[in-house]
Amino acid sequence: MRPGRETNNAFIYCLALAARKSGVSIVCVGTLSNHWHGIVVDRLGRLPQFLEHFHKLFAKHQNALRGRWEAFWASEQTSVVELVKPEDVLGKMVYAIANPVTSHLVARVHHWPGVESLTAIDHDVPLTATKPIRFFDPETATYPTSSTCAFAARLASSA
């Protein structure tokens, strides 16, 4: 998941597609070079569908981008933690967004070249991505030409 324009665009595109398909709302997201953190609201009980769809699409894109075809994600089960109280949600949001800083990779969150949702949340704007040129056939209408990930940070307080 080396940060870069194509990887960041594909991450946002696949995340937004999976969220829309499953009905999961994205509260915030943050990536590092080897993993990602996301806080979501899953009112419909479709988190497994969301994770499966997102992980599959993004892995296929990354393998096509890098010219690889082996497993992209680790074989361990995805870590999922239920956040019960609003302060639990806030704490995990801070952890996910600040991860590049606390890992001593950058001095400020907005310096991180990977995907981070702090700026989008702060300015109340979604992250929009275009259909990636790798893996996704530009001639087919199966996938939209762009996809938007709006952050539901306000939903977190009522989860």
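In what follows, Lys and Arg count as positive and Asp and Glu as negative, while His and the chain ends are not counted. The model shown is predicted.

**Figure 1. Charges and surface of the protein chain.** The protein chain carries 16 positive and 13 negative charges, and the mean positions of the two sets are 4 Å apart. About 9100 Å² of the protein chain is exposed, with carbon and sulfur atoms supplying 54% of that area. Of the 159 residues, 41% count as buried.

**Figure 2. Fold of the protein chain.** Five helices and four strands make up the secondary structure listed for the protein chain. Along the sequence they follow the pattern α-β-β-α-α-α-β-β-α. The radius of gyration is 15 Å, close to the 15 Å that the globule rule gives for 159 residues, so the protein chain is as compact as a globular protein of that length. Taken along the principal axes, the box filled by the C-alpha atoms is roughly 45 × 35 × 35 Å. Among contacts with a separation of 6 or more, 64% are between residues 24 or more positions apart.

**Figure 3. The salt bridge between Glu6 and Arg134.** The whole structure holds three salt bridges, and one of them joins the side chains of Glu6 and Arg134, at 3.2 Å from N to O. Glu6 belongs to helix H1 (residues 5-22), whereas Arg134 is in the loop between strand S3 (127-130) and strand S4 (146-149), so the pair ties together parts that are 128 residues apart in sequence. Both partners are partly exposed: Glu6 has a relative accessible area of 31%, and Arg134 has a relative accessibility of 33%.

**Figure 4. The salt bridge between Glu52 and Lys56.** Side chains of opposite charge can pair when their charged atoms come close. Here the side chains of Glu52 and Lys56 form a salt bridge of 3.8 Å, N to O. Both residues are in helix H2 (residues 47-66), where they are four residues apart, about one turn of the helix. Glu52 is partly exposed, its relative accessible area being 45%. Lys56 also counts as partly exposed, at 36% relative accessibility.

**Figure 5. The salt bridge between Arg68 and Glu70.** The closest N and O atoms of this pair are 3.8 Å apart. Glu70 counts as partly exposed at 46% relative accessibility. Arg68 is likewise partly exposed, with a relative accessible area of 34%.

**Figure 6. Asn9 and its contacts.** Asn9 is placed in helix H1. Its relative accessible area is 17%, and Asn9 is buried because the limit for that class is under 20%. With neighbours within four places in sequence left aside, the residues in contact with Asn9 are Ala129, Thr130, Lys131 and Pro132.

**Figure 7. The backbone at His104.** Phi of His104 is positive, near 60°, in a residue other than glycine. His104 is part of the loop between helix H3 (86-102) and helix H4 (118-122). The relative accessible area of His104 is 72%, and the residue is exposed because that class starts at over 50%.

**Figure 8. The backbone at Phe135.** Phe135 is not a glycine, yet its phi is positive, at about 70°. The loop between S3 and S4 contains Phe135. With a relative accessible area of 38%, Phe135 is partly exposed.

How values were computed. Residues are numbered from 1 along each chain as its sequence is written. This is a predicted model: local features need pLDDT of at least 70, side-chain atom pairs count only at pLDDT 80 or more; totals for chains, interfaces and linings use all residues. Side-chain values use heavy atoms; hydrogens and water are left out. Helices (H or I, at least four residues) and strands (E, at least two) are DSSP runs, numbered from the N terminus. The radius of gyration is taken over C-alpha atoms; the globule rule is 2.2 Å times the number of residues to the power 0.38. Buried means under 20% relative accessible area, exposed over 50%, partly exposed in between (1.4 Å probe, protein chains only). Contact means heavy atoms within 4.5 Å. Accessible areas come from the Shrake-Rupley method with a 1.4 Å probe; for residues, only the protein chains shown count as cover. The place of a charge is taken as NZ of Lys, CZ of Arg, CG of Asp or CD of Glu. A salt bridge is a side-chain nitrogen of Lys or Arg within 4 Å of a carboxyl oxygen of Asp or Glu.
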